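Let's take a walk through a protein model, starting with one pair of helices and working inward to the sheet. Keep the picture open while you read.

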Amino acid sequence: MRIYCAAGSSIRHSSDTLQTPWFRRFINMYATLFIGQITGIATISAMLLFVLAKLVSRHRSSGHVQHGCGYAVLITGCDSGFGHQLAQRLDRKGFVVFAGCLSPEGAGAQSLARQSSSNLQILKLDVTSDEEVQQAKKMVQENLPEKGLWAVVNNAGITDWAEIEWSSIGDFHNMVDINLFGSIRTSFAFLPLVRAAKGRMVYMSSIFAFFNCLNMGAYSVSKRGLEAFADCLRVEMASFGVKVSIIQPGNFGQATNILKMKTGLDIWEKLADEQKQIFNRQYIDLANEYFMTTCRSGFKNSDMVIDAMLHAITSAQPKYRYLLASAMDTVFFQLFPFLPTVLTDAVFSFSSMYAKREEMLYAK
């Protein structure tokens with residue numbers, strides 16, 4: 001009986017609690033928060049769907065070129081390597097190709113001219129020269145086909161390797177002047193023509209734009225800066241219907257002959273006496289051999305890169321970035337930018353070369 005009465009008393013107490021003003025306020029507040037959350041989620045979802053629809057609409061409305069007849073493409077750095085091979089492929093597809101060469105009378109440019117049709121024109125183009133870029137622009141304008149300048153491929157570039165303390169400010173300046181400012185200079189000149197055609201801007205970057213590798217300081221600076229420029233340009237050009245793509249090749253040194261061959265002695269003779277006390281000659285020789293061996297282990301042909309460049313130029317849906325490496329390296333490089341710095345720096349501890357470096361520094 002007491003149990004029953006206690007239970008009845010408890011029920012009456014609970015009923016009284018439900019009627020209290022503070023409990024009703026609590027329920028109202030909870031309901032308001034719940035409704036607010038649902039409204040917020042619905043609003044954000046609607047916004048995301050709207051943005052996605054706009055992106056899809058823009059992507060579908062972009063033009064594509066299956067055959068190059070009537071379209072022109074300007075490529076810088078056609079003396080050799082990627083630019084040389086791309087010029088040949090585009091020529092065979094019927095494009096009018098303006099092949100910018102540093103040395104028009106050189107073996108590379110002359111070979112390109114002999115092996116191509118009359119649609120390919122060799123231009124003298126040093127991307128570090130304002131005068132030559134403007135002269136090239138005038139030549140292009142005077143020889144444009146009916147559909148205009150569809151694409152500019154900013155391919156001209158150099159590479160070199162050295163630890164930062166082995167380098168001079170001149171080394172950095174030269175690298176950036178060609179790889180970064182050369183592309184910016186060319187873009188300024190030819191963007192109005194590409195914008196008129198609602199065409200493409202393509203930039204030759206590298207995995208070293210985001211992979212902070214030992215010995216590639218100056219090169220990484222130039223390519224990271226180039227990608228920042230291209231990313232900003234892509235956002236600005238979207239309103240004009242111009243697509244911007246970045247090409248990120250991995251180890252293609254063997255396929256392009258872009259590597260600057262040098263010996264340990266070449267590096268050693270550039271060092272000041274103080275530097276020689278830190279980086280002894282044995283380490284310099286070891287580093288040089290390691291770098292050259294690594295480069296020789298890369299891709300033997302450029303087909304993957306040329307195919308990506310063609311896709312960026314001709315596809316209705318070009319990619320923003322083309323990461324070009326082996327399957328295993330591609331997975332690693334896709335994850336790399338998202339890893340915390342402590343892990344990305346620790347990657348180098350797995351390299352036998354890095355371990356030897358620590359042992360050999362300051363050694364007599």
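## Two helices side by side

H12 and H16 are roughly antiparallel to each other. The model here is a predicted one, and in it helix H12 (residues 281-296) packs against helix H16 (residues 352-360) at an angle of about 170 degrees. An angle over 145 degrees counts as roughly antiparallel, so that label fits this pair. The axes of H12 and H16 are 10 Å apart.

Which residues do the touching? On the H12 side they are Gln282, Tyr283, Leu286, Ala287 and Tyr290, and on the H16 side Met353, Lys356, Arg357 and Met360. Sorted by character, the residues of this contact come out as 6 nonpolar, 1 polar and 2 charged.

Now for another pair. Helix H3 (residues 81-92) and helix H4 (residues 107-114) pack at about 10 degrees, with axes 10 Å apart. That angle makes H3 roughly parallel to H4. His84, Ala87 and Gln88 from H3 meet Gly108, Ser111 and Leu112 from H4. The mix in the contact of H3 with H4 is 2 nonpolar, 4 polar and no charged residues.

Here are the two pairs in one table.

| Helix pair | Angle | Axis distance |
|---|---|---|
| H12 and H16 | about 170 degrees | 10 Å |
| H3 and H4 | about 10 degrees | 10 Å |

## The sheet

Let's zoom out for a moment. The protein chain has 16 helices and 7 strands. Of its 364 residues, 43% are buried. Take the contacts between residues at least 6 apart in sequence: 73% of them join residues at least 24 apart.

How are the strands ordered? They form an open sheet of 7 strands, in the order S3-S2-S1-S4-S5-S6-S7, with parallel pairing. At the edges sit strand S3 (120-124) and strand S7 (321-324), each of which pairs on one side only. From one strand to the next, the twist averages 15 degrees.

The helices H3 and H4 come back here. H3 lies across strand S1 (72-75), strand S2 (96-101), S3, S4, S5 and S6, and runs at about 170 degrees to S1. H4 lies across S2 and S3, at about 160 degrees to S3.

## A closer look at S5

Is strand S5 (residues 200-204) mostly covered or mostly open? It is mostly covered, with 5 of its 5 residues buried. In a regular strand, side chains alternate between the two faces of the sheet. In S5, Arg200, Val202 and Met204 point one way, while Met201 and Tyr203 point the other way, and all are buried.

S5 has partners on both sides in the sheet order, S4 and S6. S4 and S5 run parallel and are joined by 4 bridges. Valine 152 has methionine 201 in S5 as its bridge partner, and valine 153 stands opposite valine 202 in S5. Next, 5 bridges join S5 to strand S6 (residues 243-249), again running parallel. Here tyrosine 203 is matched with isoleucine 246 in S6.

To get from S5 to S6, look for helix H8 (residues 217-237): S5, H8 and S6 make a right-handed β-α-β unit.

## Three loop residues

Most residues other than glycine have a negative phi. Two residues in this model go the other way. Lysine 198 has a positive phi near 50 degrees and sits in the loop between helix H7 (181-197) and S5. Asparagine 215 is not a glycine either, and its phi is positive at about 80 degrees. You'll find asparagine 215 in the loop between S5 and H8.

Which is lysine 198, buried or exposed? Its relative accessibility is 52%, so it counts as exposed, since the cut-off for that is over 50%. Asparagine 215, at 10%, counts as buried.

The last stop is threonine 159, in the loop between strand S4 (149-154) and helix H6 (169-179). Threonine 159 is buried, and its relative accessible area is 12%. What does it touch, apart from neighbours within four places in sequence? Threonine 159 is in contact with Met175, Met216, Tyr219, Ile258, Leu259 and Lys260.

Technical notes. Residues numbered from 1 in each chain as written. Predicted model: local features only at pLDDT ≥ 70, side-chain atom pairs only at ≥ 80, totals over all residues. Heavy atoms only, no water. Axes fitted to C-alpha atoms, helices over the stretch in contact; angles between N-to-C directions. Parallel < 35°, antiparallel > 145°, perpendicular 65-115°, else oblique. Contact = heavy atoms within 4.5 Å. Nonpolar A, V, L, I, M, F, W, Y, C, P; charged D, E, K, R; others polar. Buried < 20%, exposed > 50% of the residue type's maximum accessible area, 1.4 Å probe, protein only. Pairing = 2+ DSSP bridges. Right-handed = clockwise from strand over helix to strand, strands pointing away.
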